[in-house]
Structures are given as C-alpha cells and as structure tokens.
Amino acid sequence: KRMTTCQKCIRTGDIDNVGITARHGTFFEMLGNFSFGDYFKRQSLEWGLEFMTKWLNMPFEKIWATVYEDDDEAVEIWKELGMPAERIVRLGKDDNFWEIGLGPCGPCSELYFDRGEEYGCDNPDCKPGCDCDRYLEFWNHVFTQFDRDEDGNYGQLENKNIDTGMGLERMACIMQGVDSIFAIDTIRYVLDGVCEISGVEYTGGKSKSDVSIRIITDHVRSVTFMISDGIMPTNEGRGYVLRRLIRRAARHGRLLGIEGKFLVTLAQTVIDGSKDGYPELEEKKDFIFKVINNEEDQFNKTI
C-alpha cells in the first residue's frame, strides 16, 4: 500500500527554456512516495514538512505552498502545521490539479523554496507561480481523490491515493546552496567536460557560449540515459526526441567552435559520474557510443 521510487525522466515540452533558466532540464531524476488507499492528505503534508525541516534541515520560513483554489482542506492542514496564510498560495486548475483525461485525478499542493529577493523580478507581488527564478518548485503532493466520468463529473474515489514527485536536481540545488541545477556536483562534472573539450570558459551567466555549454551538458545526459534504456534514434515518437537532442547538442558544439565529433567523450563523462547509481550505463557503454557516433556522423553529413 506504500511505495517510494526514483524515476529517470525525460521532458522536452519546455526545451526552449533549457540553458536559459536555472531550473530547467530535459533529463531529471524524480523521487516519489505513493500511498494506495493508505495514508492521505494530512499525513502526506505533515510527513513532508517533517522530512524537509527535520531531516533536510531546510529553514521553515523559506518554504511556501501552493494549493488548488478550491481545496480548503489542504489550506487548513497547512495552517494547522504552522504555515502562515501569506505563504499559502491558491492557484487554478492548470497549476494545481492533476488529471489526464478520464479516471482518477485530484488537486495537488506544490512546495517552493524562496531563494531570496536577489533572484526575483520587479513585481512587488512576486510569489510562487511567477516565472522568475526566486521561488524554486521542488516537491509536488498530488491528492488523487476524484474519479472523472465522461460527463465531466468528479465523483469521490473509494480508495484515495497519494502520488508525490520531488526533483532530485532541484533539491540538490537547495541543499548544496548553488544558483542553478548546472552547478550541483553531478551536473557540474559533465559541464566541466564540455568546457575542457571546447576550450571555452564558463562564467555561469547568460552569454551565448554559457547557454550552449548548458544545453550540451543537459542534452548529453539525456541522450546517454535514453540509449541505455534501449531508445534508438528515429523520425517519430521518443526516437525523434533522442535524435533531436543529439543534433541539438552537436549544433551547439559547433557554435562553441568544437571541431569533429565530441559527444562520445562527454557520454563517457556522464557514465563516469552516474555509473554507481546506474550500473547499466557502464555495462552498455559500447552500445551507447556506437549509437551516438552513428547519429553524429549522419548529422555532420547533413550539415
């Protein structure tokens, strides 16, 4: 009835933000805890707060919560747990309600870390939900309590469920006290490899070369993990996502002045940094290198 997971995730819906913002990436590790008809909303939020403040030692005054606009129950729970009303933000369905078509669905409460005014924007009412880098979303608690039918009605589920998702890279950002997911130890290791190959210095800013370095760093991580899971480059579906990521990384290598193929060298860096957690990377590295080499060859011919 209870489960915890660590999932490898690829998401490219907001690919244009990768390399631009401090928090976006196409590959990330999603930590989750689940309850199937066991604990529910109060325990999920209470234990979540305990984990954040007592185990990770996050300062409570830096934590904000968003809730679905109609979820008065979640608001009351947060207040009872000591969250000030001004740090509880009600948002609409697009932000704080989880559903995919028909069937089980429900509201959610997302946790944000306030990184400080220096990361904010000019909006005096800036708070979670703003697009600036001040508030970093890191943990979403989904309360699966409804069953949506074909007529759009939301009936109560007999067995209510919990499904949470915490981004490991974003949490590492907070815990390591760095400005960007590209500065956490595991990703910075790959980024340093990009700088070594290109001979371009990374300043952590918004210059074209910094953006290209971050894009290559992110994409080569995605590509290495995707191929290790058996995804092959094609012209449709997830295979096209892989092909697009490889070609995007190769193109940004050219923008940095890198001559010839270089992605396999960086894939080795990804493997070196992640093989302890994912031994299949080391086991399949020859296959990974072959696929990347072939794809980079094809791209160079196209260019």
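Why is β2 largely enclosed by the rest of the structure? Seven of the 10 residues of β2 are buried, and therefore the strand is largely enclosed by what surrounds it. The model is predicted. Its largest pocket has a volume of about 1100 Å³, and β2 is one of the elements that supply at least two residues each to the lining of that pocket.

**Strand β2 and its partners**
- β2 pairs with β1 in the antiparallel sense, over nine bridges.
- In this part of the model, M3 stands opposite F34 of β2.
- β2 also runs antiparallel to β8, and five bridges join the two strands.
- M30 has G167 in β8 as its bridge partner.

**Largest pocket**
- The lining of the largest pocket comprises 40 residues, and the closest to the pocket centre are R11, D14, E110, E137 and R170.
- Elements that each supply at least two lining residues include β1 (2-10), β2 (27-36), β8 (154-167) and α4 (168-176).
- The most is given by β7, with seven residues.
- By class, the lining of the largest pocket holds 19 nonpolar, 10 polar and 11 charged residues.

**Second largest pocket**
- The second largest pocket contains about 460 Å³ of space.
- Its lining is made up of 20 residues, with I20, T21, A22, D133 and K206 nearest the centre.
- Nine residues in the lining of the second largest pocket are nonpolar, four are polar and seven are charged.

Technical notes
Residues numbered from 1 in each chain as written. Predicted model: local features only at pLDDT ≥ 70, side-chain atom pairs only at ≥ 80, totals over all residues. Heavy atoms only, no water. 1 Å grid on protein atoms, 1.4 Å probe; cavity = no way out; pocket = protein on both sides within 12 Å on 5 of 7 lines; lining within 4 Å. Points joined across faces, edges and corners; volume = space filled by probe spheres on them. Helix = DSSP H or I, 4+ residues; strand = E, 2+ residues; numbered from the N terminus. Nonpolar A, V, L, I, M, F, W, Y, C, P; charged D, E, K, R; others polar. Buried < 20%, exposed > 50% of the residue type's maximum accessible area, 1.4 Å probe, protein only. Pairing = 2+ DSSP bridges.
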